[in-house]
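Colleague: Please take a close look at one part of this structure and explain it step by step for a first-year student. I should like the account to begin with a single aromatic residue and then to show how its surroundings are built.

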Amino acid sequence: MALFLVYALTLLSTGSGCHHRICDCSHRILLCQESQVTEIPSDLPRNAIELRFVLTKIQVIPAGAFSGFGDLEKIEISQNDVLEEIEANVFSSLPQLYEIRIEKANKLLYINPEAFQNLPKLRYLLISNTGIKHLPAVHKIQSLQKVLLDIQDNINIRIVKENSFMGLSFESIILWLNKNGIQEIHNCAFNGTQLDELNLSDNNHLEELPNDVFRGASGPVILDISRTGIHALPSYGLENIKKLRARSTYNLKKLPSLEKLVSLMEATLTYPSHCCAFTNWRRQM
């Protein structure tokens, strides 16, 4: 009986905690923080389910930094004022990973196009308050889940190119691209996606959505262009929109033919006359 109790206590202590020379560890969750952490430790337990790097002084996340973490579910890299680069294959072939958070790293200028690969369970990717100039390449993520891509407060991102989100997920996606510095979105930018929601709000210098911007996409179902400089909606690809939000969008003085918004159920617009037009149109139907 005594031997059994010793064995049980050993299992309990092994499962509930671990030890590391720099990082705090409990229940397979590792917190590496403060200025003494200047690189990704090479001896992190490979059975970790969550890695958090907060207030560290890591300058580069090197290629393959998280290779071999087969149980890893969440990664956070935040409040780092010296991080400059994330190399290739950092977030690659992690079969259980469902959440990545990279935020408050205003000196981060470069994320390698091969950084995100083969993440079948990814559901949430946040990149916020960084210095990057280009949207991260997501075409090799290939998630089997519905994905929320949350890219906000990156004021140096200027352009959304064609096919920018192709390959992110085999399921539907939500794109929060608000509060960036986006000035230009190309035709076919959302090609190859099932787009549930697109939030472009607070990109103050964004003035145009070209006619074929939604070409090749299914959706969006929800579109938010509030507090942008957009002066017209495209004439193609509006048929799936159920919710349209255009608060304080003062340049949008004219809407497309209402027959193109056949699914619209809810609209929040800047000018009262737009709402009247919808009301009158519905009465005629």
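Modeller: Let us begin with F69, which has a relative accessible area of 2% and is therefore buried. The limit for that word is under 20% relative accessible area. Please keep in mind throughout that this is a predicted model.

The next step is to look for ring partners. Over the whole structure, a search returns six aromatic pairs. One of them joins F53 and F66 in a tilted arrangement, with 6.0 Å from centre to centre and 35° between the planes. F53 belongs to strand β3 (residues 50–54), whereas F66 is in the loop between β4 and β5 (74–78), so this pair ties together parts that are 13 residues apart in sequence. Both F53 and F66 are buried. F66 also pairs with F69, this time edge-to-face, with 6.4 Å between the centres and 75° between the planes. The relative accessibility of F66 is 0%, and F66 therefore counts as buried. Taken together, ring pairs connect F53, F66, F69, F91 and F116 into a cluster.

What surrounds F116, one member of that cluster? Leaving aside residues up to four places away in sequence, F116 touches F91, I100, I102, I111, L125, I127, P136, A137, K140 and I141.

From the rings we may turn to the nonpolar core. In soluble globular proteins, nonpolar side chains tend to be buried together. Here the largest nonpolar core holds 75 residues, and those with the most contacts inside it are I61, F66, F91, F116, L175, I185 and F190. At least two residues of this core come from each of β2 (29–33), β3, β5, β8, β11, β12, β14 and β16 (194–199).

One of those contributors, β12, deserves a closer look. All six residues of strand β12 (residues 147–152) are buried, so the strand is largely enclosed by the rest of the structure. In a regular strand the side chains alternate between the two faces of the sheet. In β12, V147, L149 and I151 point one way, while L148, D150 and Q152 point the other way, and every one of them is buried. Strand β11 (residues 124–130) runs parallel to β12 and is joined to it by five bridges. Within this pairing, I127 stands opposite I151. I127 is also one of the residues that F116 touches. β12 pairs with strand β14 (residues 172–176) as well, in the parallel sense, over four bridges. There, L148 of β12 stands opposite I174 of β14.

Another contributor to the core is β8. Strand β8 (residues 99–105) contains E103. E103 has a relative accessible area of 16%, and is therefore buried. Its side chain makes a polar contact with the side chain of R101, at 3.4 Å. Apart from residues up to four places away in sequence, E103 touches I77, S78, Q79, L126 and S128.

A smaller part of the picture concerns a sheet formed by other strands. Three strands, in the order β4-β6-β9, make up an open sheet with parallel pairing. β4 (60–61) and β9 (110–111) stand at its edges with a single partner strand each, so one side of each has no neighbour in the sheet. Two bridges link β4 to strand β6 (residues 85–86) in the parallel sense, and V60 stands opposite E85 in β6.

Some aromatic rings have a charged residue over the face. R123 lies over the face of Y98, at 4.5 Å from the ring centre. R215 is placed over the face of Y236, at 3.6 Å from the ring centre.

For contrast with the buried residues, consider S26, which is located in strand β1 (residues 24–26). S26 is partly exposed, with a relative accessible area of 35%. Its C-alpha atom is separated by 9.6 Å from that of A48, a residue 22 positions away along the chain.

Finally, the whole chain provides the setting for these details. The chain has two helices and 19 strands. Of its 285 residues, 47% are buried. Among contacts with a separation of 6 or more, 50% are between residues 24 or more positions apart.

How values were computed
Residues are numbered from 1 along each chain as its sequence is written. This is a predicted model: local features need pLDDT of at least 70, side-chain atom pairs count only at pLDDT 80 or more; totals for chains, interfaces and linings use all residues. Side-chain values use heavy atoms; hydrogens and water are left out. Buried means under 20% relative accessible area, exposed over 50%, partly exposed in between (1.4 Å probe, protein chains only). Two strands pair if DSSP finds at least two bridges between them. A polar contact is a pair of N or O atoms within 3.5 Å; within protein, one must be able to donate a hydrogen and the other to accept it, and residues adjacent in sequence count only if both atoms are side-chain atoms. Contact means heavy atoms within 4.5 Å. Rings of Phe, Tyr and Trp (its six-membered ring) pair if their centres lie within 6.5 Å; planes under 30 degrees apart count as stacked, over 60 as edge-to-face and the rest as tilted. A charge sits over a ring if NZ of Lys or CZ of Arg is within 6 Å of the ring centre and within 35 degrees of the ring normal. A nonpolar core is a set of buried Ala, Val, Leu, Ile, Met, Phe, Trp, Tyr and Cys residues joined through side-chain atoms within 4.5 Å.
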